[in-house]
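Visitor: Could you take me through one part of this model at close range? I'd like to look at the place where the two chains come together.

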Amino acid sequence: MNAYSVTALSDHIKAILEDDPELGDVWVEGEVSNCRPAASGHWYFVLKDEGATLSCVIWKSSAAALSTLPADGQRFLMHGAVSVYGPAGRYQYYVDHCEPAGLGDLHQRFEALKARLAEEGLFDAARKRPLPAYPMRIGVVTSRQAAALRDICNVLARRWPAAEVRLAPTLVQGDAAPDQIVAALAAVARAGVEVVLLARGGGSLEDLWAFNDERVARAIAACPVPVVCGVGHEIDFTIADFVADVRAPTPSAAAEMVTPDARELRLAVDDRRLRLTRSVADRVDGWRQATDRLAHRLRLVAPERAIRDHRTRIEALRARLGRAMEARLRLARADLDGRTRRLAALSPEATLRRGYAHVSRARDGRAVGTIGDVRSGDAIRVRVIDGAFDAVVTGQGRLFD
Amino acid sequence: MGKGAAAGMAGKDVAELGFEQAYRALDEAVARLESDDMTLDASLALYERGAALAERCAALLAAAELRVREVDGEGRDAGPVDLE
């Protein structure tokens with residue numbers, strides 16, 4: 001029988017391990033313990049979990065190139081190769097890359113993908129499309145159960161109820177989420193929407209991880225209509241945010257960004273309506289005034305105008321004539337009255353009334369004005385106020401003789 | 001009458017316009033009526049069209065309730081969504 005030497009057996013095992021393609025290039029995650037940098041500059045420690053431990057080495061040359069080095073009690077993700085250390089009789093993990101596990105790992109994958117897509121130009125400002133001002137059909141890609149959907153619909157119902165929402169429900173977290181999101185984006189695009197809201201409420205970085213998936217990023221970039229991404233809270237940035245046409249801090253904000261405010265628009269429409277009415281009224285007024293001016297000018301040159309002017313003048317003359325006649329008549333009547341009064345004053349009756357008598361010769365009826373008009377024996381007639389009597393002249397003489 | 005006026009008059013039936021088209025056309029009608037030189041007949045016709053456009057806009061804005069409908073994988077209508 002052929003017995004191996006200890007060294008030969010160790011070498012054999014070492015050869016088997018080193019020939020294995022998996023073990024030559026392997027990622028391992030675990031908690032670090034017994035970590036101690038040696039005086040030589042190499043690092044020795046143990047990675048462990050609940051069931052096993054793994055001896056690890058970081059050569060001085062590798063350690064110098066690493067930005068992160070292991071520390072006791074923390075979980076790390078490491079890369080390296082497995083081999084045998086013959087002198088100690090054990091296999092070891094020779095580490096050439098070390099990073100904090102969990103968050104650190106996700107963060108680095110995020111940064112790596114972000115850098116790659118940025119390099120490709122997927123985030124370029126020139127790729128961003130403007131949002132439609134008044135979308136009548138809005139696509140929503142989110143979970144049917146999530147509060148995000150209700151938030152979005154509340155905002156849309158308040159601001160822009162004229163729109164119709166087309167919902168493509170999808171998982172928004174977990175391993176199946178990225179493929180579902182990709183399919184949902186394609187489905188709403190086929191439904192003829194004018195803009196897409198890709199939304200998810202807040203959560204841990206792991207919860208939001210589907211929105212950092214490269215498939216999702218490429219589906220957003222390929223979407224035929226603009227995509228507004230509202231994922232998580234204001235502080236959360238995902239790859240989807242960077243590649244979307246517009247990034248909204250929350251699902252509600254995304255809904256606000258894609259819609260006009262119907263109340264403002266109602267005011268704007270009312271304003272247009274008012275201006276419409278006012279301007280047409282102004283125009284009609286203008287035409288009416290122009291027409292009036294023409295009509296006025298026409299009247300100035302029309303024959304009817306001259307005839308009416310003459311008629312007016314005649315009327316005026318006739319009125320003046322009437323007034324003049326009346327004035328004359330009034331004067332004549334006043335004159336007549338005066339004369340009548342004067343006539344009455346001069347009448348013999350008034351004299352007789354004062355006691356005077358009128359004497360006339362009986363012979364010829366001539367008035368006796370002087371003593372020469374009569375001789376003694378003449379018959380005379382004496383008139384007094386209430387009648388007359390006959391008398392005879394019996395003598396005569398001058399007054400005051 | 002200008003080229004814009006002819007295009008505005010011969011436009012689609014107002015009742016079939018979406019909000020954006022109706023609102024833009026309304027804006028244009030107002031602007032033209034406020035500034036352009038046109039015949040009385042043209043301005044009255046433009047006014048009538050503008051009034052109809054304003055009615056259309058107001059009717060679209062008065063829509064009572066947001067409609068939410070689900071789509072299937074092909075983008076086809078899969079019924080209303082109950083938001084409870």
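Visitor: How many residue pairs are in polar contact between chain A and chain B?

Guide: Sure, and keep in mind that this is a predicted model. The count comes to 14 residue pairs in polar contact between chain A and chain B, with both residues at pLDDT 80 or more. On chain A's side of this interface, the elements that supply two or more residues are helix 4 (147–159), strand 7 (164–169), helix 5 (177–190) and helix 9 (262–301). Helix 9 of chain A has the largest share, giving 15 residues. Sort the chain A side by residue type and you get 26 nonpolar, two polar and ten charged.

Now for charges: six salt bridges turn up across the interface of chain A and chain B. One of them pairs B:Arg67 with A:Glu164, at 3.0 Å from N to O.

Have a look at the strands, too. Strand 7 of chain A runs parallel to strand 1 (residues 67–71) of chain B, and four bridges join them. Pick out A:Arg166 and you'll find its bridge partner in strand 1 of chain B is B:Arg69.

As for the overall extent, 38 residues of chain A are in contact with 44 residues of chain B. Put the chains together and about 3600 Å² gets buried between them, with carbon and sulfur atoms giving 63% of that. Over in chain A, the residues that lose the most area to chain B are A:Arg272, A:Leu276 and A:Arg283, which together make up 19% of what that side buries.

Methods:
Residues are numbered from 1 along each chain as its sequence is written. Chains are lettered from A and ligands numbered from 1 in the order in which they are written. This is a predicted model: local features need pLDDT of at least 70, side-chain atom pairs count only at pLDDT 80 or more; totals for chains, interfaces and linings use all residues. Side-chain values use heavy atoms; hydrogens and water are left out. Contact means heavy atoms within 4.5 Å. Buried area is the accessible area (1.4 Å probe) that two parts lose on being put together, summed over both. A salt bridge is a side-chain nitrogen of Lys or Arg within 4 Å of a carboxyl oxygen of Asp or Glu. A polar contact is a pair of N or O atoms within 3.5 Å; within protein, one must be able to donate a hydrogen and the other to accept it, and residues adjacent in sequence count only if both atoms are side-chain atoms. Ala, Val, Leu, Ile, Met, Phe, Trp, Tyr, Cys and Pro count as nonpolar, Asp, Glu, Lys and Arg as charged, and the others, Gly among them, as polar. Two strands pair if DSSP finds at least two bridges between them.
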